[in-house]
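Open the model in your viewer and keep the sequence panel beside it. The stops below are given as selections to make in turn.

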Amino acid sequence: MISRRCPGSAARRRPTIQRRLPDGSHLARPAVPYRAGHRYGTLPVRVIEARITVTLADAATRREPWRLVTSLLDHERHPAGELVELYHPRWQVETTYFSIKATMLDGRVLRSRSVPGLDQEVYALLATYQALIRTAADAFTTRPGLAMERISFTVLLRAAADQATTATGIHAAGPAPLPGPIGRMVLDNLLPTARRQRVKARSRKNPTSKYGPNTGKHPQTTETYALSVEIHVMEDGLASRLRR
């Protein structure tokens, strides 16, 4: 569970410190209820507070306080700095949602007008996505040292669609060799070896957006950036953002 600087009183909350840990984080027991059987209790958590400095390619910098709350209590196995730096990679799960919503659906919406029909469409999408990922994984295992991030889902989808349309090379005699025609297409069209961290250019599209105070604070063009993390306890809580 991760919490970033937020507006209002939430950012100013100061969880009671139970024990400070060598990596700068601390154990706390905030009012996070959970149910175990028929009894309710409070969940022990570890709080990591840090100042994140982002340095853009044009040397511009911005510094923000962050708070991360996690159930990973072992500071030796999960150092605070590593968990904070993992915040960016963890958002790669959004690529899954994008793959389904934008790439597979191609901007279309679900057609069903009933709950059972919607369930059927969603399960069909998930099953298709899982089949494609399994195909990508099969191709991945045939190339030692290959990073899974280099496999293009767009190429994977198009190759599978072409195979389903032309029905070529589908019914092979005997066990089908890996990676197969779809996998070979994917391996022949890999993404670049190294992807640099980059800040996406942002623009305010809705004049009534609640993110109005952030206007002009983001770069107008896409830039690479470097990240530095300073772990320390913020005794007074995190500064809240101003509302309009």
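**Strand 6 and its partners**

Select Glu49 and then Arg67: Glu49 stands opposite Arg67 in strand 7. The model is a predicted one, so treat each stop as a feature of a prediction.

Now extend the selection to residues 45–56, which form strand 6, and to residues 61–70, which form strand 7. The two strands pair in the antiparallel sense over 10 bridges. A further pair to pick out along this pairing is Thr53, which stands opposite Arg63 in strand 7.

Is strand 6 enclosed or open to the outside? Of its 12 residues, 10 are buried, so strand 6 is largely enclosed by the rest of the structure. Strand 7 is mostly covered as well, with 7 of its 10 residues buried.

Which other strands pair with strand 6? Select residues 223–231 to show strand 9, which pairs with strand 6 in the antiparallel sense over 7 bridges. Within this pairing, show Val54 together with Leu227 of strand 9, which it stands opposite. Then select residues 26–28, strand 3, which is also antiparallel to strand 6 and pairs with it over 3 bridges. Here His26 has Val47 in strand 6 as its bridge partner.

**The hairpin loop**

Go back to strand 6 and strand 7 and select the turn that joins them. This hairpin has 4 residues between the strands. Ala59 is found in that loop. What is notable about the backbone of Ala59? Its phi is positive, about 80°, although Ala59 is not a glycine. Ala59 is exposed, with a relative accessible area of 59%.

**A second positive phi**

For another residue of this kind, select Asp106. It has a positive phi of about 55° and is not a glycine either. Asp106 is found in the loop between helix 4 (93–104) and helix 5. Is Asp106 buried or exposed? With a relative accessibility of 56%, Asp106 counts as exposed.

**Ala80**

Select Ala80, which lies in helix 2 (residues 80–85). Ala80 counts as buried, at 1% relative accessibility. Show the residues around it: leaving aside residues up to four places away in sequence, Ala80 touches Asp23, Ser25, Arg46, Ile48 and Ile231. Among these, Arg46 and Ile48 fall within residues 45–56 of strand 6, and Ile231 falls within residues 223–231 of strand 9.

Add His26, already visited as the bridge partner of Val47. Ask for the C-alpha to C-alpha distance between Ala80 and His26: they are 9.7 Å apart in space and 54 residues apart in sequence.

**Helix 5 against helix 6**

Move on to residues 115–141, helix 5, and residues 153–166, helix 6. How do the axes of helix 5 and helix 6 cross? They come within 10 Å and cross at roughly 105°. Helix 5 and helix 6 are therefore roughly perpendicular to each other. The residues of this contact divide into 8 nonpolar, 1 polar and no charged.

To see them, select Tyr129, Leu132, Ile133, Thr135 and Ala136 on helix 5, then Phe153, Leu156, Leu157 and Ala160 on helix 6, which they meet.

**Helix 7**

Keep both helices shown and add helix 7, residues 180–187. Which residues of helix 7 are buried? Colour Gly180, Ile182, Gly183, Val186 and Leu187, which are the buried ones. They cover an arc of only 130° around the axis, which puts them on the same side of helix 7. What covers these buried residues includes helix 5 and helix 6.

**The whole chain**

Finally, clear the selection and show the full chain, which has 7 helices and 9 strands. Of its 244 residues, 27% are buried. Now consider contacts between residues at least 6 apart in sequence: 63% of them join residues at least 24 apart.

Definitions and conventions: Residues numbered from 1 in each chain as written. Predicted model: local features only at pLDDT ≥ 70, side-chain atom pairs only at ≥ 80, totals over all residues. Heavy atoms only, no water. Buried < 20%, exposed > 50% of the residue type's maximum accessible area, 1.4 Å probe, protein only. Arc of directions from axis to C-beta. Contact = heavy atoms within 4.5 Å. Axes fitted to C-alpha atoms, helices over the stretch in contact; angles between N-to-C directions. Parallel < 35°, antiparallel > 145°, perpendicular 65-115°, else oblique. Nonpolar A, V, L, I, M, F, W, Y, C, P; charged D, E, K, R; others polar. Pairing = 2+ DSSP bridges.
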